[in-house]
Each structure stands twice: as C-alpha cells, then as structure tokens.
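This note is intended for a colleague who is meeting the structure for the first time. The points below are numbered so that each can be checked against the sequence and the coordinates.

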Amino acid sequence: MDRTGRCLCGAVKFTAKNTPDTFSACYCKDCQRWVGGPYHGISVPTGDLEITGREHIRVYKSSDFAERANCKNCGSALWWRLTKSKYFGKTSIPVGLLDDTSGLTLNHELFTDYKNNTNAVPDGVEGMTSGEVAKLIATFDEDKK
Ligand SMILES: [Zn+2]
Ligand SMILES: [Zn+2]
C-alpha cells in the first residue's frame, strides 16, 4: 500500500508506494546516536519513494556502505540507505514519520546484542495520554504568573 509521511517541520514530505506491512528495529550505536534510541524503520524500494522538499535534506555518509538523511530545518531523521551491497535500491524510513502506521508490525531486530536497559518498556510503567500531557502544558503559562 501507499503511505505518506513528513518530517517534524513539514518541509520534507514523501509518499512511499508498495510499502510492506512489516518493519524492523535496529539497536546499533550509530542508529541510537542518530535518532536518540532504537531505530524503527520500514524498508521501501527507493524508486517508489516520491519526495518533496529535497532542498531541505542533508545527507550524511555515516559509513563506507551507508548514508543517513535529516531535515536541515528541524533535524528529523528521514532515511537510512545502503550505498553498497545487494540491498542497494532499498531505503529505510523511520516509521515515526508515517502519518498512519496502522497494520504495521515489527518482525525483525538487528544488533540485538546492543539492546540495553533503556530500550525496553517494563510492565507497570506510569503513563500519560496526549490529553493529559496537553493539560500539563496548559499550566506552563500559569507557572510564570
Ligand atoms: Zn523538517
Ligand atoms: Zn542501526
């Protein structure tokens, strides 16, 4: 199916055609440094990726076999892509950029030996909904008075 997405500021938008219904997680230190935690990516054929706002993209050659792209304006991680190997031709996009993630399931993990105590959500962790967070943010201005 086709899936749309964008960076945080909206300068870069994309439509990915022929997306799979699975994605993978990577725990390597490069990914963790890049996105600040585990990287959850969906792999799509590069030729099926339509991108607008390319002038806002900065591509970083993160190793001799791969590149990582970010939005120059907001810093969002946009893609990870092999530049060598038989997997050349695929682009991995962070699932968090997608407007709609319905139907997607995690089916593969990489660098599992780099998984650490910060990468899992233990049972019973206290949580807040978006509505509860919004109520808290609404109190920020009152704090100044
Ligand atoms: Zn952006
Ligand atoms: Zn990685």
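1. The hairpin of β6 and β7. Strand β6 is joined to β7 by a hairpin, and the connection takes two residues. The model under discussion is a predicted one. β6 and β7 run antiparallel, with six bridges between them. Within this pairing, tyrosine 60 faces arginine 68 of β7. Strand β6 covers residues 57-63 and is hardly covered: of its seven residues, the number that count as buried is zero.

2. The hairpin of β7 and β8. Strand β7 also forms a hairpin with β8, and here five residues lie between the two strands. In that turn, glycine 75 has a positive phi of about 90°. The two strands are antiparallel and are joined by five bridges. Alanine 69 stands opposite tryptophan 79 of β8.

3. Overall composition. The protein contains three helices and 10 strands. Read from the N terminus, the order of elements is β-β-β-α-β-β-β-β-β-β-β-α-α. The C-alpha trace extends over about 60 × 35 × 30 Å along its principal axes. The protein has 145 residues, of which 21% count as buried. Among contacts with a separation of 6 or more, 58% are made by residues 24 or more positions apart.

4. The nonpolar core. Which residues have the most contacts inside the largest nonpolar core? They are Cys7, Val12, Leu78, Trp79 and Ile93, in a core of 15 residues. Two or more residues of this core come from each of β2 (13-16), β4, β7 (66-71) and β8 (77-82). The greatest contribution is that of β8, which supplies four residues.

5. Leucine 78. When neighbours within four places in sequence are left aside, leucine 78 is in contact with Cys7, Val12, Ile57, Ala69, Asn70 and Cys71. Two of these partners, Cys7 and Val12, are themselves named among the core residues with the most contacts.

6. The three-stranded sheet. The strand order β1-β2-β5 describes an open sheet of three strands with antiparallel pairing. Why is one side of β1 (3-6) and of β5 (49-52) left without a neighbour in the sheet? Both strands stand at the edges and each has a single partner strand, so one side of each remains free of a neighbour there. On average, neighbouring strands of this sheet are turned by 15° against each other, direction ignored. Four bridges connect β2 and β5, which run antiparallel. Alanine 16 has leucine 49 of β5 as its bridge partner.

7. The pairings of β4. Strand β4 (residues 39-45) pairs with strand β3 (residues 22-26) in the antiparallel sense, over three bridges. In this pairing, cysteine 26 is matched with tyrosine 39 of β4. Strand β4 is also joined to strand β9 (residues 90-94), and those two strands run antiparallel with five bridges. Here the bridge partner of proline 45 is lysine 90 in β9.

8. Arginine 54. The loop between β5 and β6 holds arginine 54. Is this residue, arginine 54, buried or exposed? Arginine 54 counts as exposed because it has 10 C-beta neighbours inside 10 Å, where the cut-off for exposure is 12 or fewer. The C-alpha atoms of arginine 54 and alanine 11 are 8.6 Å apart in space, although the two residues are 43 residues apart in sequence.

9. Two residues with positive phi. Most residues other than glycine have a negative phi. Asparagine 18, however, has a phi near 55°, a positive value in a residue other than glycine. This asparagine 18 is placed in the loop between β2 and β3, and it is exposed, with 12 other C-beta atoms within 10 Å. Phenylalanine 111 likewise has a positive phi, near 55°. Phenylalanine 111 lies in the loop between β10 (105-110) and α2 (130-138). With 16 other C-beta atoms within 10 Å, phenylalanine 111 counts as partly exposed. A reader may wish to view both loops in the model.

Technical notes
Residues are numbered from 1 along each chain as its sequence is written. Chains are lettered from A and ligands numbered from 1 in the order in which they are written. This is a predicted model: local features need pLDDT of at least 70, side-chain atom pairs count only at pLDDT 80 or more; totals for chains, interfaces and linings use all residues. Two strands pair if DSSP finds at least two bridges between them. A residue is buried if 20 or more other C-beta atoms lie within 10 Å of its own, exposed if 12 or fewer, and partly exposed in between; C-beta atoms are placed from the backbone. Two residues are in contact if their C-beta atoms, placed from the backbone, lie within 7 Å. A nonpolar core is a set of buried Ala, Val, Leu, Ile, Met, Phe, Trp, Tyr and Cys residues joined through C-beta atoms within 7 Å. Axes are lines fitted to C-alpha atoms, for helices over the stretch in contact, and angles run from 0 to 180 degrees between N-to-C directions.
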